[in-house]
Amino acid sequence: MRKRTLFRLAAGTAAVGAATLAYASLVERNRFTLRRYDVPMLPADAEPLRVLHLSDLHMMPDQARKQHWVASLAALDPDLVVVTGDNMAHPGAVPGVLRALQPLLDYPGAFVFGSNDYTGPVWKNPFTYFLPDREYTEGVDLPYKELRQVFTGAGWLDLNNARSMLKAGGRQIDLVGVDDPHIERDDYGAVDGAISSSADLSIAMAHSPEPRVLDQMAADGFGLLLAGHTHGGQVCVPGVGALVTNCGLPRSMASGLHRWPGSDSWLHVSAGLGTHPTAPVRFACPPEATILTLIPR
């Protein structure tokens with residue numbers, strides 16, 4: 001009787017585990033979601049401005065469903081499109097990224113790259129994400145120069161360790177960005193400084209939301225900080241949230257809109273639209289894009 005009970009318990013546990021894995025890999029990973037947040041950061045008499053924030057597409061050439069869904073976001077008619085990196089997951093991904101983003105390239109836009117724009121993914125033991133000092137391993141080279149040319153050719157601003165002014169929604173926006181802090185390509189010191197007096201608002205961008213970089217951006221007065229990289233934890237526990245962020249950010253800030261501590265700045269961390277190809281699952285953390293509507297304070 002005891003052996004039979006243990007067998008049934010083990011079989012039941014295995015069945016629940018298999019069902020959970022099937023849901024995470026076949027259903028939730030493809031349940032693309034549009035998030036919406038109001039961000040009170042504009043002067044009292046300002047008209048709202050809509051920012052579409054995309055991140056972590058991790059595009060594979062055959063992901064037609066993702067490409068179609070992202071392309072459909074052009075119907076939102078954003079004032080500004082911001083992409084915070086990790087667009088590719090395969091050397092042949094550029095055409096797929098272009099199919100996804102082509103309708104959005106007609107809008108004012110800006111981008112920074114993540115580590116998976118430069119080199120492809122390699123297999124990793126998922127438990128190593130709990131190790132703060134794990135070694136970064138590079139995969140095959142990815143065509144980031146080709147992707148950059150597509151973006152800049154459409155008029156989008158390359159903000160990898162760069163700063164520029166952009167007009168969008170009738171407003172002058174002071175924009176700054178850094179290359180991926182996760183692999184120490186960032187150089188904020190080359191572009192830091194106070195907000196331009198001619199700017200109506202200011203936005204700062206990075207792929208990985210490392211506090212050492214966000215602190216500097218907030219100290220310079222940038223009103224909105226945008227990042228991705230965390231995948232929102234990718235596998236979350238209901239009622240607990242993200243177990244890891246894969247960066248220095250606290251788990252409580254793994255995704256969504258937050259006040260950056262000790263400042264007047266807002267931070268939005270996108271949970272992203274893709275997954276690492278060797279871990280194609282999401283649980284309690286569906287893939288997402290976000291419309292941030294900037295409104296008066």
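Which side chain meets Asp-186 in a salt bridge? In this predicted model, the partner is the side chain of Arg-212, with an N to O distance of 2.7 Å. The legends below start with the whole chain and return to this pair in a later view.

**Figure 1. Overview of the protein chain, which has 6 helices and 14 strands.** The chain is 297 residues long, and 51% of them count as buried. Its accessible surface comes to about 13300 Å², with 55% of that area belonging to carbon and sulfur atoms. Counting contacts between residues at least 6 apart in sequence, 73% join residues at least 24 apart. The structure holds 6 salt bridges, and some of them are shown in later views.

**Figure 2. Strand β14 and its pairing with β1 and β2.** Strand β14 covers residues 288-296 and is mostly covered, since 7 of its 9 residues are buried. Strand β1 (residues 33-42) pairs with β14 in the parallel sense over 9 bridges. Within this pairing, Leu-42 has Pro-296 of β14 as its bridge partner. Strand β2 (residues 49-54) runs antiparallel to β14 and is joined to it by 5 bridges. Here Leu-49 stands opposite Leu-294 of β14. In a regular strand, side chains alternate between the two faces of the sheet.

**Figure 3. The salt bridge between Asp-186 and Arg-212.** The two side chains meet with an N to O distance of 2.7 Å. Asp-186 lies in the loop between β7 and β8 (201-205) and Arg-212 in helix α6 (residues 211-219), so the pair ties together parts that are 26 residues apart in sequence. Asp-186 is buried because its relative accessible area, 18%, is under 20%. Arg-212 has a relative accessible area of 41% and is partly exposed.

**Figure 4. The salt bridge between Arg-163 and Asp-174.** The closest N and O atoms of this pair are 3.1 Å apart. Arg-163 belongs to strand β6 (residues 162-168) and Asp-174 to strand β7 (residues 171-177), so the salt bridge ties together parts that are 11 residues apart in sequence. Asp-174 is buried, at 2% relative accessibility, whereas Arg-163 is partly exposed, at 27%.

**Figure 5. The salt bridge between Glu-28 and Arg-31.** The side chains meet at 3.8 Å, N to O. Glu-28 has a relative accessible area of 1% and is buried. Arg-31, at 40% relative accessibility, counts as partly exposed. Side chains of opposite charge can pair when their charged atoms come close.

**Figure 6. Surroundings of Gly-233, in the loop between β9 and β10.** This loop lies between β9 (224-227) and β10 (236-237). Gly-233 is buried, with a relative accessible area of 13%. Leaving aside residues up to four places away in sequence, Gly-233 touches Ala-242, Val-244 and Ala-254. The C-alpha atoms of Gly-233 and Cys-285 are separated by 7.4 Å, although these residues are 52 residues apart along the chain.

**Figure 7. A nonpolar surface patch formed by Val-237, Val-240 and Leu-243.** Together the three residues have about 220 Å² of accessible area. Leu-243 is placed in the loop between β11 (241-242) and β12 (256-259). Leu-243 counts as partly exposed because its relative accessibility is 37%, and partly exposed residues fall between the limits of 20% and 50%.

Key
Residues numbered from 1 in each chain as written. Predicted model: local features only at pLDDT ≥ 70, side-chain atom pairs only at ≥ 80, totals over all residues. Heavy atoms only, no water. Patch = residues over 30% accessible without salt bridge, like charges linked within 9 Å, V, L, I, M, F, W, Y side chains within 5 Å. Areas by Shrake-Rupley, 256 points an atom, 1.4 Å probe, with all protein chains shown as cover. Salt bridge = Lys/Arg side-chain N within 4 Å of Asp/Glu carboxyl O. Helix = DSSP H or I, 4+ residues; strand = E, 2+ residues; numbered from the N terminus. Buried < 20%, exposed > 50% of the residue type's maximum accessible area, 1.4 Å probe, protein only. Pairing = 2+ DSSP bridges. Contact = heavy atoms within 4.5 Å.
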